[in-house]
Amino acid sequence: MTNDSLPMLHATGISKFFPGTIALDDVDLTLHRGEIHALLGENGAGKSTLIKCLTGVYRRDGGAIMLDGQTVDPTSTNHSQSLGIGTVYQEVNLLPNLTVAENLYLGRQPMRGPFVARRAMNEAARTSLKGFGIDIDPAQPLSTYSVAVQQVVAIARAVEMSGKVLILDEPTASLDLDEVKLLFSVIRQLKSRGIAIVFITHFLDQVFDLCDRATVLRNGQVVGSRVLKDVSQRDIVTLMLGRQLDTAPSAAKSAAVGAPLLQIESLGKSGMLDPFSLTIRKGEVVGLAGLLGSGRTETSKLVFGAVRADSGTMKLNGKDISVTSPRDAVAHGFALCPEDRKTEGIIGDLSVRDNIVLALQARQGWLRPIPRRKVDEIAEHYVRTLDIRLANLDVPIRLLSGGNQQKALLARWLATDPDVLILDEPTRGIDIGAHAEIIALIGRLQQDGMALLVASSEMEELVAYANRVIVLRDRKQVGELVGADITSVNIIKAIAAETRHEALQ
Amino acid sequence: MIRSTHLPLIVTLLTFVLAYALCASQYPTMLSWRVVANLLTDNAFLGIVAVGMTFVILSGGIDLSVGSVIAFTGVFLAVILRDTSLHPLTAFALVLVITTAFGAAMGATIHYLDMPAFIVTLAGMFLARGAAYVLSTDSVSITHEFYDVLQSMYWKTASGGRFRLIGFVMVLTFIVGALVAHRTRFGQNVYALGGGAGAARLMGVPVASTTIGIYAVSGGLAGLSGIVFSLYTSAGYSLATVGVELDAIAAVVIGGTLLTGGYGFVAGSFFGILIMGLIQTYIVFDGTLSSWWTKIVIGGLLFAFILLQKGLTWASTARKKAATGFIAQS
């Protein structure tokens, strides 16, 4: 057996226990040279724990790791880096205040005597990055470049420091289509250099586009490892969930929608969103579609008063209302689940219970506390009906998986019994199971007569539940699709009309 | 090449030049070597401590203890030289070891106990001030021939300005400080911490040793500043230099360093010190203004610089998306 046929990384029997749970149970993972290997699983399946065990962030409680034929035992990220296992995280973990070159060479700068050899460092950085397909001035601060470029710099750093195994933890989560293309070309190039790459993502299309093999985790165990060209997306989803899922999650669209509830007249803010008009009826789901930065989030924030509009009026049930702050909006029966769950949604250190009753308590005013028994009742009710999975109501919400956090946030606003519910990317970054549940929930709320405004980048999702889809482009409303016209193809056509986004053709 | 990160430094420089020009237009005698020499001499101790403060603030921290450490150093030296026969140089070495170790201990507390620098150095401030009181509550004058030798060392210009030793010590501290901050690995690590401690840790920056090093530098420079202050005043007094830490922070911020860390230059703090000294000199020349006007002008300047920093942050986020260069590749 030649050295080349030996796997680059061979982990066997990896186990990790946390108090009260088995996070990883006898997990095996094999990575070959020049292979892009997807690591899949729902949130909480054990993907991140496995990565943390491989990179030494956690000490594993059992199992062995063979790297390039040698047994290794990484004890810290630095150690695993020097062994040859590099990691790039979802949020770019570089320093925006340093230059690109400084980021690339931090801790291993070329030195002349006691001083950093700046010119040599900048030259080396320029050459290195050219090898990755980006030609930028490495003497500029990292923050002057886009997230995709920063991501490539992070990858370049990881590869140069490690060079055997590269772990990419949701690298595409905050990139748009063109940026994903750039990243993929870089990853493919690394594959041809013989590096073993682990790719973690929620986007199955990207997995099939890029990866050779996939290992699927569920509840801390490996449930299967597949060569991707032999299987379909459906097979993988079935593996991940352990059950069959309707590939097109569809909520029953109730045909009858009620009386106009919210009438928006030329609401806008200069420099942010062109004035738009929109009427939402009771029991209607209005979808907001568009590319990243097209104005989806801005629309939802304006309607909720999180950003103050500088023109336009709103009517609720035919009466003029003024919404200049989220407090006004809540008072009028609005609710908003924001896009950025971590910073604008959850209060990480508060318990799940406190997070759920937060909006209700805020509306009541702090002088009239909700009795503890009522609080428990509300929290338990939503934990049950939304199937939020947690040990108890006292756990800090930051410890929950993304899907469960999102459900708790929904519970927070449902507890206020809103008339108008605004959801901004309700299914971003959550696993497929929770995804389907949230879509089903949207359908239920609609049947109960709530008016919903949902901004989403996932067109299939909008197709599944929206009665109407507003298409945005360049911070402007450019189209509206109703009823049977709502298809992915039509949405894409509306977005792409008169623009040069060839990527979407 | 001018970057947006250089802008605060340039503004500081322009402010200084403009302020000096204004002063000189009103009092032409201010444009003399004598005034320049006095600027350096009178602000030497503040300048030295501002170098240490620049490192601390660049890393995203704060050090409130330095004023007390200067007072402690002065009293310590005065008492040692009065009560023992130690040579001043030995006493200098001893006090530098003590203050550096004191700073390092604060750095270790901040890192290992994961405490805010504000609280830890506040405790350090009380400790150092208290230690100074314990040594002596009175002003102790220093009379030692070696002090006379050091104090009489100066370089005289033709026009009568005297560049004294302590001014040179400050300038040297700034030069060494700038080299360390901008040209060494330690300096890069300081900026890295200021840019984001979490990311810095993941990138393999030795956070513990860097944090300890930063506060050790600040403590040690406060000690050096105390030595210079004792040379300047020929005395040690436990009530001296109250609030100097705030002056140092003001100088660093006027010098263009971002209070949240990560952006700034050691050279900026030098001009921050000079601007503050210039205001004081102007008030002396004027003769009718209360010296408290210094505080008001500094307060105004600080406010202006904070607004400038905020403006720059906005501007840089606004055009963040603009500049990217891809080589087309498939």
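1. Let's start with the enclosed spaces. In this predicted model, a search of the whole structure turns up 4 cavities of 30 Å³ or more. The largest cavity holds about 180 Å³ of space. It is lined by 15 residues, and those closest to its centre are Q81(A), T87(A), Y89(A), N93(A) and L202(B).

2. Now for what builds that lining. In chain A, α2 (77-83), β6 (85-88) and α5 each contribute at least two residues to the wall of the largest cavity. The biggest share comes from β6(A), with 4 residues. Sorted by character, the lining of the largest cavity has 8 nonpolar, 6 polar and 1 charged residues.

3. Next, have a look at the second largest pocket, which contains about 560 Å³ of space. Its lining counts 22 residues, and D42(B), N43(B), D247(B), Q280(B) and T294(B) lie nearest its centre. Helices α2 (33-42), α3 (44-58), α12 (244-254), α13 (266-286) and α14 (293-318) of chain B each give two or more residues to this lining.

4. Which element gives the most to the lining of the second largest pocket? That is α13(B), with 6 residues. The lining of this pocket divides into 12 nonpolar, 7 polar and 3 charged residues.

5. Finally, a single residue to find on your screen: T144(A) sits in the loop between α4 (118-131) and α5 (147-161) of chain A. Is T144(A) buried or exposed? Its relative accessible area is 14%, under the 20% cut-off, so T144(A) counts as buried. The side chain of T144(A) also reaches the backbone oxygen of P141(A), at 2.5 Å.

Key: Residues are numbered from 1 along each chain as its sequence is written. Chains are lettered from A and ligands numbered from 1 in the order in which they are written. This is a predicted model: local features need pLDDT of at least 70, side-chain atom pairs count only at pLDDT 80 or more; totals for chains, interfaces and linings use all residues. Side-chain values use heavy atoms; hydrogens and water are left out. Buried means under 20% relative accessible area, exposed over 50%, partly exposed in between (1.4 Å probe, protein chains only). A polar contact is a pair of N or O atoms within 3.5 Å; within protein, one must be able to donate a hydrogen and the other to accept it, and residues adjacent in sequence count only if both atoms are side-chain atoms. On a 1 Å grid over the protein atoms alone, a cavity is a set of points where a 1.4 Å probe fits but cannot get out, and a pocket is an open set with protein on both sides within 12 Å along at least five of seven lines; lining residues have an atom within 4 Å of a point. Grid points are joined across faces, edges and corners, and a volume is the space filled by probe spheres set on the points. Ala, Val, Leu, Ile, Met, Phe, Trp, Tyr, Cys and Pro count as nonpolar, Asp, Glu, Lys and Arg as charged, and the others, Gly among them, as polar.
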